[in-house]
Structures are given as structure tokens and as C-alpha cells.
Amino acid sequence: TAYEGKASYAWTGDVAGKVWTSFISQKVEGLSTWGGGGALDKTALGDDRANAWDIGTTVNVAGLGLTGYYGQGDGIGQTLQLNGGFDTTGKSRDSDQWYVQATYAIPTGTKLGLSYGESTLDGNSGEAFNEIEDSMTVFGAYHPITKHLNLVAEYAVSERDVNNVAADAKAKAKTISLGAILFF
């Protein structure tokens with residue numbers, strides 16, 4: 001079973017915007033761990049719950065848009081829901097995430113944007129890692145062709161920093177994306 005809820009409030013005018021908050025509590029059944037004895041060496045760890053909440057706001061004034069977001073989870077995992085949310089002993093892992101974004105619409109209608117965000121998954125006592133941190137910076141340009149079609153150009157830099165007990169590991173990727181967004 002899962003319980004989810006969301007509340008939001010939007011307003012218009014010279015200073016327009018929106019605030020929102022949401023939560024989820026989801027039952028996770030059949031947690032188990034595999035031993036070294038092969039396919040039959042499986043230990044059932046029972047059931048638990050994954051919980052998360054978030055809050056955010058966006059404000060738009062005179063072509064400038066600002067957005068801020070923060071959330072926390074326990075057992076919810078990182079990047080994908082429930083991905084890495086529990087360790088091999090069935091204990092839940094804490095996670096948090098945040099991002100900030102600024103956009104500006106220039107007179108041609110093109111919107112330029114810059115955003116940065118981080119997502120962190122904490123390791124539990126006795127695990128090989130203390131923390132996994134994913135971050136991404138995105139520079140983008142979005143040009144409306146019609147009310148429902150925008151051309152998109154983005155340059156993104158994503159990084160992963162794994163704080164291991166023995167030695168840290170880092171990875172970095174740079175991506176250029178060109179395409180279109182269809183709104184319907």
C-alpha cells in the first residue's frame with residue numbers, strides 16, 4: 001500500500017508563482033539479502049516503509065523566473081524511486097535532494113535558463129560507502145515555435161561523487177541535447 005498527497009497554490013499578477021509540497025509513504029515488501037551460497041542462500045528480511053516529502057516554489061516577474069526545491073527521504077532511494085533505498089541488512093538509507101533554477105525570457109520569446117541540483121544517498125554504518133552525491137548543472141535555451149512546440153538546446157554537466165570508506169570515486173559526463181518539446 002502507498003499513500004501520496006500533494007498541495008499547491010498558484011497566483012497570477014505582476015509577480016506570479018506557485019508553491020507546492022508533497023509526500024509519499026509506500027510499503028516495501030519482501031526485503032531480502034543473498035548470501036554467498038548461491039541461488040538458494042537467501043534470507044528474508046521482512047517488510048518496511050519508504051517515506052519522502054518535498055517542498056518548492058517558483059516565482060515569475062518581468063520575464064525572470066526563479067525556482068527552488070528541497071526534499072528528503074527515508075528508504076525512498078536515489079534517482080529512481082526505491083533504487084538503493086535499503087541496504088543488504090534491510091535497513092533504510094536516508095536521502096535528500098535540492099535544486100535551484102533561474103530563467104529569463106528575452107524579447108524574441110526565447111527563454112534562457114540555468115539550473116543546478118544535487119541528490120545525496122547516505123550509506124549506513126558498516127557499508128562500503130558513506131555517501132553518494134549526484135549533481136547536475138544545465139544551461140538551456142528554449143524557443144517557442146508555436147503555442148505547443150518549443151525548440152530546445154541544452155548543455156549539461158553531471159557528476160557523481162562516491163565517498164567510499166577505502167577510497168573516493170568520481171565520474172563526470174558532459175552532454176549536449178538538441179530537440180523539441182511538444183506540449184499537449
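Two strands count as paired if DSSP finds at least two bridges between them. With that in hand, strand 6 and strand 7 (residues 129–146) are easy to place: 12 bridges join them, and they run antiparallel. What you're looking at is a predicted model, so here's a quick tour of its strands, its aromatic pairs and its largest pocket.

**Strands 5, 6 and 7**

- Strand 6 (residues 111–122) also runs antiparallel to strand 5, and 11 bridges join these two.
- For a spot to look at, try Ala102, which stands opposite Leu114 in strand 6.
- Strand 5 and strand 6 make a hairpin with five residues between them. In that turn, Gly109 has a positive phi of about 100°.
- Moving on to strand 7, you'll find Glu131 there as the bridge partner of Asp122.
- Strand 6 and strand 7 make a hairpin too, with six residues between the strands. Here it's Gly126 that takes a positive phi, near 90°.

**Aromatic pairs**

- Five aromatic pairs turn up in the structure.
- One of them is Tyr9 with Trp11, a stacked pair at 6.1 Å centre to centre and 25° between the planes.
- Tyr9 counts as exposed because its relative accessibility is 53%, and the cut-off for exposed is over 50%.
- Trp11 is partly exposed, since its relative accessible area is 28%.
- Tyr69 and Tyr99 have ring centres 5.2 Å apart and planes at 25°, so this pair is stacked. The angle settles that because planes under 30 degrees apart count as stacked.
- Tyr69 sits in strand 4 (residues 64–74) and Tyr99 in strand 5 (residues 94–105), so their pair ties together parts that are 30 residues apart in sequence.
- Tyr69 is buried, as its relative accessible area is 19%, and buried means under 20%.
- Tyr99, at 31% relative accessibility, counts as partly exposed.

**The largest pocket**

- The largest pocket holds about 300 Å³ of space.
- It's lined by 19 residues, and the closest to its centre are Ile24, Ala52, Tyr69, Ile76 and Gln97.
- Strand 1 (2–11), strand 2 (15–34), strand 3 (42–61), strand 4 and strand 5 each give at least two residues to the lining of the largest pocket.
- Sorted by class, that lining has 10 polar, seven nonpolar and two charged residues.
- Tyr69 is a handy link between topics: it's among the residues closest to the centre of the largest pocket, and its ring is stacked with that of Tyr99.

Methods. Residues are numbered from 1 along each chain as its sequence is written. This is a predicted model: local features need pLDDT of at least 70, side-chain atom pairs count only at pLDDT 80 or more; totals for chains, interfaces and linings use all residues. Side-chain values use heavy atoms; hydrogens and water are left out. Rings of Phe, Tyr and Trp (its six-membered ring) pair if their centres lie within 6.5 Å; planes under 30 degrees apart count as stacked, over 60 as edge-to-face and the rest as tilted. Buried means under 20% relative accessible area, exposed over 50%, partly exposed in between (1.4 Å probe, protein chains only). Helices (H or I, at least four residues) and strands (E, at least two) are DSSP runs, numbered from the N terminus. On a 1 Å grid over the protein atoms alone, a cavity is a set of points where a 1.4 Å probe fits but cannot get out, and a pocket is an open set with protein on both sides within 12 Å along at least five of seven lines; lining residues have an atom within 4 Å of a point. Grid points are joined across faces, edges and corners, and a volume is the space filled by probe spheres set on the points. Ala, Val, Leu, Ile, Met, Phe, Trp, Tyr, Cys and Pro count as nonpolar, Asp, Glu, Lys and Arg as charged, and the others, Gly among them, as polar.
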